[in-house]
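This report describes the overall make-up of a structure and then turns to a few backbone features that deserve a closer look.

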Amino acid sequence: MTSHSVFNRRRILTAIAITGAGALALAGCTTANPSSSSGGTGSNTVTIYGPDTGTEATELSASWDTWAKDNGITINYTGDGNFTSNIATKIQGNDLPDIGMFPQPGLLAAAIGTGKVVKVSSDTENNVKNNFSSDWQGYVTSNGDMYGTPLDASVKGYIWYTPADFQKWGLTVPASYSDLVSDIGKVQATTGAAPFCAGFNSGTSSGWPGADFLAELVLSSAGADTYDAWVKGDTKFTDPAIDQAFTLLGQILQNPQYVNAGFGDVPSINSTAFADVAAKIADGSCAMTNQATFLEANFSTTKTAAGATPKVGSTGDVWAFPLPPVSSGKSAVVGGGDFAAAFNSNDATQKVMAYLSSADWANSLITVQNASFISANKGVDATKETDPLLQSAIKTLQSPDTVFRFGADDAMPTVVENAFWKGIVDWTNGMPQAQAEAEIQAAWANAG
Amino acid sequence: MSATTDDLPQPIAHRSERARERAIRKAENASLSDTKRRLSSTGATIAAVVIAVIWTVPTFGLFITSFRQPADINTSGWWTFLSNPDLTLSNYTNTLQFTDTITVAQSFVNSLVIVIPATIFPIALALLAAYAFAWVNFRGKNILFIAVFSLQVVPIQVALVPLLSLFSNGVTIGNWAVFPGLNLNGVEGSFARIWIAHTIFALPLAIFLLHNFIAALPNDIMEAARIDGASHGQTFFRIVLPLARPAIASFAILQFLWVWNDLLVATIFTSGSNFPITKLLTDLAGTYGQTWYLLSAGTFLAIIVPLIVFFALQRYFVRGLLAGATKG
């Protein structure tokens, strides 16, 4: 019996030893890469976590590779399509990257609110103040302190069309929104088919293209002050100014004779993926659609009626003009963009932040081959941009006469943003306008 | 007297009992063969084939789509290939060359590196726990087992933040660091966090399934082993392990498929160069969805390994699904 218990004890000891060795092996992974006290990684490695994936991620890496090599810094970029939901988990779990790339000012504001985002260094602050308009500076400033830098930008509110068809129908680029609506009517009378197409389907973000369209109309018809009040929640969705924008939007998107070219009836807008409209513009079955500059990326895989890949340009197969203003005045642009914010003040992290806010990086970004990125950085040399559409977008962003506003949905609190998207989808499905507005407005009660 | 009166009817009772048993068995057999006959009738076979075809059509469509030209995928349905077959391998080559911090091929290797330990660890731990719950008597056993069992109802999403916080902050009570934290934030090349996370999430179900199987092993075998002087360790390694093989295999399939298909745990607990293939699949479509036509090809590349595992262990699968189902 004694020999048995000795044997047993040895067994147990062996088991403990094996478990211990396993634990040491796991711990070994940790000691190999000592991390700094502030939660970031080693002194010369900077991790950036952002929403851009695939081609865009490769282009971003290309934009800073040379600089990083020259400065002996390794930048590890991690792209995550679910960034907007996962960053909250990472912040709560204290698993922080060195730098986060926030695609929405509302999300950045929420991150700043957690107290985990550190203020920018004086180098970065000077860069941001010199290179960006006050509209842009406002998005990275909280209570008078600067917490980040704007990175890239996109301009929304372009009407994509086929120049050859416009010529055939005797149309020119409309000067006002009412001209646009009457032009759509003319095309409908000529062809007998719906001329305008839209797609709102985008997974959990379904509805955003409609929300952007509405925001463009609010900014254009009611002006920047009302727009800002609306984004803050002071002007309600049920307000006459917003209601008027809904009505203007409905002149196109709720008219069964005008939509949804190439897809079906009005509710088919909801089932159409936002990027799929590119194929219908390319093959000519849809005469016009409203989408941001980045729709250009989708044309590379489409075919014209003749079976060729469409060429984007004013004399090419597809081209775009800015959404004409509702009432004349300063040109107002609704857009988007990403913001970088640092989670620690390591030397390397702060150096990268300063570089990302500089004109050098912005110029490097737009000259990455085939890149669809542009920047609102005033130091950007627009002539270096080879793509004519992006070049015009950069010039619009840089012009001192341009009023720039972030897409209203992205700037609102997340609960309101989601309700906004859902309200747009419901409205397209046939919910009365007043009811849809009230439904979205109700979400402000949960915005905290 | 009493003996005779008592003895007399007994054989009759026995006989009638036996007759009844026979009748029951006969009826059972009849109903069994009836079910068998009904299930293998022409009508049932046709119905099964129709269901199988309907079930397979979308997968087949996806398969065809993966070989079509990108522009065709964008503009028409897969069935149009019947009239206009214009097939290409470019989707597969483009998918394999797709780079997003790492290439699809690297992520494929990452998936294997994640999934193999994340299958072995929970099974190894759960087997030991299951054996203890089934055949070792200790105080509080039932309460502990119910506690483990009830952990199954905790959704993964609820546990993400606390677990992440445990990994990065550790646990300190007062000034005493109970667990110092792993310090693995943003460290490239370490899979420790995702292995631990998957193991933790798998354990409740693994212990439950394996316990029910191991507890159902005949008591006689265990007693015989004990009488022959086998310790718990010897009983475990020489008797329980070989007998539990079907249950282990079936749980291994479940766990393998779950970890292979997992995206949520992987995006939270790994970073950059450690992403598995599911993460790359979600990125294939591009930031603006401009290359979504690659998804069908990517999907077929990603299911190769699960298919191999499934077919290799398939014979255990049906048996294993019943593991734990029969124990009251």
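## Secondary structure and overall make-up

Helices are DSSP runs of H or I with at least four residues and strands are runs of E with at least two, both numbered from the N terminus. On that basis, chain A of this predicted model comes to 19 helices and eleven strands.

Of the 448 residues in chain A, 49% are buried. Among the contacts in chain A with a separation of 6 or more, 71% are accounted for by residues 24 or more positions apart.

## A cis peptide bond

The peptide bond that joins Val259(A) and Asn260(A) is cis, with an omega of about 5 degrees. Asn260(A) is found in the loop that runs between α11 (240-253) and α12 (268-271) of chain A.

## Positive phi at two asparagines

Asn94(A), although it is not a glycine, has a positive phi of about 60 degrees, and its place is in the loop between α3 (83-92) and β3 (99-102) of chain A. Asn94(A) counts as partly exposed because it has 18 C-beta neighbours inside 10 Å, where 20 or more would make a residue buried and 12 or fewer would make it exposed.

Asn143(A) is likewise a residue other than glycine with a positive phi, here near 50 degrees, and it is placed in the loop between β4 (141-142) and β5 (145-146) of chain A. Because Asn143(A) has 6 C-beta neighbours inside 10 Å, it counts as exposed.

How values were computed: Residues numbered from 1 in each chain as written. Chains lettered and ligands numbered in written order. Predicted model: local features only at pLDDT ≥ 70, side-chain atom pairs only at ≥ 80, totals over all residues. Contact = placed C-beta atoms within 7 Å.
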